Amino acid sequence: MTDDPRPDDFRTDGPRTDGPRTDGWRPATVAVTAGRPPHEPDRPLSTPITMASTYVAGGELEYGRYANPTWTAFEEALGALEGGRALAFSSGMAAVTTVLDLVGQDALVVAPAHSYTGTLLQLGDLEGRGRIRTRLVDITDTEAVVAACADAALVWFESPTNPALEVADVERIAAAAHEAGAYVVVDNTFATPLLQRPLSMGADVVVHSVTKFLAGHSDVLMGAVVTADDQLHGVLKGRRDLLGATPGTLEAFLALRGLRTLHLRVERSQANATELASRLAEHPAISEVRYPGFGGVVSVVLAQGALAADLLVHKTRLWVHATSLGGVESTFERRRRWKAEPATIPEGLVRLSVGIEDVEDLWDDLGRALDDLT
């Protein structure tokens, strides 16, 4: 990489530096403490909202598009959790687009065939305009992915994937990509840094839709990028500043407040998801359960296909039919209702984002709706 905000190619043979270290505290403690103001008399315990577009000249902030103390607090907290330096963005897609914007002209990007539809649409748009080339792979076929890395500039993947919940061999793929001179980007939205830290597994960049589990209350639209490479951090910040893909101050404040309880929410969501996955596997209306064994997202395939799936999402009282995920409330949807969803995703697949409600209430509501389909 170079200091130029748009390098010719997203490749490097240079060293990758370690990110900032915490004081040895465990992740739950880091989630609560990182990004706080100093412990000094009369200082606020939490970082306040700083509403400012303009700062007095002569300092480090200068202008509202370049920095904001509320963003900085969130970035410090997320960076400490992921083991790198974070940058907040106006949305997850703003983060995705900024990273992909660094790919050189006609360079190759390797990505999973099953990914977040926004990412696939962005890759398709860039390829359609002749900006990049893409090679879509089955991320579970590690040997095929390794082979696909040979002439890549960037290897991008999710683990687990959305919505198929496939798990990648992050370390093996990252090593192969680096050997080929490519950068590695991992979308860690589903796992969160509490369940997986891709930077420690060889990734160069981690991307988050902060809207989901990190903020966790279905009231924030925001994204983030994390890297342990100081030079790459500078390049990404330069692109964010130039493109204006900056978050709102209120959104950053709410995201940081949500981050404080991430460990509690993930623990409860994962426990609920594990129990529900087990029960769903025994229900006659379900032909397949996809659950990687961690996290708060479960995907199921209805035995009677799309019609049954469409009926299911309108039969519940507690579960909410909605397209996003990662909130404290449980939501679900049939993913193929979106035309952009890959055709290899089953028509009857329903993605469940399991919240923190009582698991027995979740099962009573879902089980009754499933019983009506059999």
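A residue counts as buried when its relative accessible area is under 20%. By that cut-off, buried residues make up 55% of the 374 residues in the chain of this predicted model. Keep the cut-off in mind, as we will use it at most of the stops below.

**The whole chain**

Start with everything shown as a cartoon. You should find twelve helices and twelve strands. The radius of gyration is 21 Å, close to the 21 Å that the globule rule gives for 374 residues, so the chain is as compact as a globular protein of that length. Turn the C-alpha trace along its principal axes and it spans about 70 × 55 × 35 Å.

How much of the contact network joins residues at least 24 apart? Among contacts between residues at least 6 apart in sequence, the share is 70%.

Now switch on a surface. The accessible surface comes to about 15800 Å², and 51% of that belongs to carbon and sulfur atoms. If you colour by charge, look for 34 positive and 51 negative side chains. The centres of these two sets lie 3 Å apart.

**Helix α2**

Select residues 69-82, which form helix α2. This helix has 14 residues and reaches 20 Å from its first C-alpha to its last, close to the 20 Å expected at 1.5 Å a residue. Is α2 mostly covered or mostly open? It is mostly covered, with eleven of its 14 residues buried. Show side chains for the buried set, including Trp 71, Phe 74, Leu 78 and Leu 81. Two glutamates, Glu 75 and Glu 82, are also among the buried residues of α2.

**Ser 91 and Ser 209**

Next, pick Ser 91, in the loop between β1 (85-89) and α3 (92-100). With a relative accessible area of 16%, Ser 91 is under the 20% cut-off and therefore buried. Which residues does Ser 91 contact, leaving aside its neighbours within four places in sequence? They are Leu 221, Met 222 and Gly 223.

Keep Met 222 on display and add Ser 209, which lies in strand β6 (residues 205-209). Ser 209 touches Met 222 too, along with Gly 92 and Thr 189, not counting residues up to four places away in sequence. At a relative accessible area of 13%, Ser 209 is buried. For a distance to try in the viewer, go from Ser 209 to Asp 229: they are 20 residues apart in sequence, and their C-alpha atoms are 21 Å apart in space.

**Strand β2 and Leu 108**

Move to strand β2 (residues 107-112) and select Leu 108. Its relative accessible area is 3%, so Leu 108 is buried. Not counting residues up to four places away in sequence, Leu 108 touches Arg 133, Thr 134, Arg 135, Ala 148, Asp 151, Ala 152, Ala 153 and Leu 154. Then draw a line from Leu 108 to Asp 361, 253 residues along the chain; their C-alpha atoms are separated by 48 Å.

**The loop between β4 and α6**

Zoom in on the loop between β4 (154-158) and α6 (170-179), where Pro 160 lies. Display the backbone as sticks here. The peptide bond from Ser 159 to Pro 160 is cis, with omega near 5 degrees. Pro 163 has its place in this loop as well, and a cis peptide bond joins it to Asn 162, with omega about 0 degrees.

Stay in the loop between β4 and α6 for Leu 165. What is the phi of Leu 165? It is near 60 degrees, a positive value in a residue other than glycine. Leu 165 counts as buried, at 7% relative accessibility.

**Thr 192**

Thr 192 also has a positive phi, about 65 degrees, although it is not a glycine. You will find Thr 192 in helix α7 (residues 192-195). At 1% relative accessibility, Thr 192 counts as buried.

**Helix α10**

Finish at residues 262-280, helix α10. This helix has 19 residues and reaches 26 Å from first C-alpha to last, close to the 27 Å expected at 1.5 Å a residue. Its buried residues are Leu 262, His 263, Arg 265, Val 266, Ser 269, Asn 272, Ala 273, Leu 276, Ala 277 and Leu 280. Colour them and look down the helix axis. An α-helix has 3.6 residues a turn, so residues three or four places apart point the same way. Val 266, Ser 269, Ala 273, Leu 276 and Leu 280 are among the buried residues to follow along α10.

Methods: Residues are numbered from 1 along each chain as its sequence is written. This is a predicted model: local features need pLDDT of at least 70, side-chain atom pairs count only at pLDDT 80 or more; totals for chains, interfaces and linings use all residues. Side-chain values use heavy atoms; hydrogens and water are left out. Helices (H or I, at least four residues) and strands (E, at least two) are DSSP runs, numbered from the N terminus. The expected span of a helix is 1.5 Å times one less than its number of residues. Buried means under 20% relative accessible area, exposed over 50%, partly exposed in between (1.4 Å probe, protein chains only). The radius of gyration is taken over C-alpha atoms; the globule rule is 2.2 Å times the number of residues to the power 0.38. Contact means heavy atoms within 4.5 Å. Accessible areas come from the Shrake-Rupley method with a 1.4 Å probe; for residues, only the protein chains shown count as cover. Lys and Arg count as positive and Asp and Glu as negative; His and the chain ends are not counted. The place of a charge is taken as NZ of Lys, CZ of Arg, CG of Asp or CD of Glu.
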